[in-house]
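The following exercises are to be worked with the sequence and the coordinates at hand. Each task is followed by a solution in steps.

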Amino acid sequence: MSVVIKDFFIDFQRCIGCTACQAACSECDTHRGTPMIHVDRSDIGHTPQTTPMVCMHCKNPTCALSCPTDAIKMDENGIVHSSLKPKCIACRNCELSCPFGIPIV
């Protein structure tokens, strides 16, 4: 089995909040249709400013290490995977432990 890692670049200064990056991330085979990118809106109604929050695929992912049900895993290639929803018990440990605020339960 070979793994093809695809990189894409997000220019944060040009983000218009179209969520195309979320769609591209969800198409990745490793994420099982769940994007590891979330587009945050700064102040809805007052500014169109958006900020894409991108998974950093950490070497020691605190989100995966803090998960009591193994719902988030990292493979041998260092790719952080989101698991199927039935494993998640919504304890929010991943949200609280991630310094980048990526996992959202």
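**Exercise 1. Surroundings of one strand residue**

Leaving aside neighbours within four places in sequence, Asp40 is in contact with Gln49, Thr50, Thr51 and Met53, contact meaning heavy atoms within 4.5 Å. The model is a predicted one, in which local features need pLDDT of at least 70 and side-chain atom pairs count only at pLDDT 80 or more, whereas totals for chains, interfaces and linings use all residues. Residues are numbered from 1 along each chain as its sequence is written, and side-chain values use heavy atoms, with hydrogens and water left out.

Task: State which strand holds Asp40 and how far apart Asp40 and Thr51 are in space.

Solution.
- Step 1. Asp40 belongs to strand β1, residues 37-41; helices (H or I, at least four residues) and strands (E, at least two) are DSSP runs, numbered from the N terminus.
- Step 2. The C-alpha atoms of Asp40 and Thr51 are 5.1 Å apart, with a sequence separation of 11 residues.
- Step 3. Asp40 has 34% relative accessibility and counts as partly exposed, the class between buried (under 20% relative accessible area) and exposed (over 50%), with a 1.4 Å probe and protein chains only.

**Exercise 2. The chain as a whole**

Task: Give the order of helices and strands along the protein chain, and the share of its residues that is buried.

Solution.
- Step 1. The protein chain has three helices and four strands, in the order α-β-β-α-β-β-α.
- Step 2. Of the 105 residues in the protein chain, 28% are buried.
- Step 3. Among contacts between residues at least 6 apart in sequence, 38% join residues at least 24 apart.

**Exercise 3. Positive phi**

Most residues other than glycine have a negative phi.

Task: Locate Asp70 and Arg92 relative to the helices and strands, and give the phi of Asp70 and of Arg92.

Solution.
- Step 1. Asp70 sits in the loop between α2 and β3 (72-74); its phi is positive, about 65°, although Asp70 is not a glycine.
- Step 2. Arg92 sits in the loop between β4 and α3, and its phi is near 70°.
- Step 3. Asp70 is partly exposed, at 39% relative accessible area, and Arg92 is partly exposed at 43%.

**Exercise 4. Cysteines**

Task: Count the disulfides and explain why Cys21 and Cys67 form no such bond.

Solution.
- Step 1. A disulfide is a pair of cysteine sulfur atoms within 2.5 Å; by this rule the count is zero.
- Step 2. For Cys21 the closest cysteine sulfur, in Cys15, is 6.2 Å away, so it is too far for a bond. Cys21 is buried, with a relative accessible area of 14%.
- Step 3. For Cys67 the closest cysteine sulfur, in Cys91, is 5.9 Å away, again too far for a bond. Cys67 is buried at 16% relative accessibility.

**Exercise 5. A pocket and its lining**

Task: Identify the element that gives the largest share of the lining of the second largest pocket, and divide the lining by class.

Solution.
- Step 1. On a 1 Å grid over the protein atoms alone, a pocket is an open set of points where a 1.4 Å probe fits, with protein on both sides within 12 Å along at least five of seven lines; lining residues have an atom within 4 Å of a point.
- Step 2. The second largest pocket is lined by 37 residues, and Ile72, Ser82, Cys94, Pro103 and Ile104 lie nearest its centre.
- Step 3. Two or more lining residues come from each of α2 (62-65), β4 (80-82) and α3 (93-97); β4 gives the largest share, three residues.
- Step 4. The lining has 25 nonpolar, 10 polar and two charged residues. Ala, Val, Leu, Ile, Met, Phe, Trp, Tyr, Cys and Pro count as nonpolar, Asp, Glu, Lys and Arg as charged, and the others, Gly among them, as polar.
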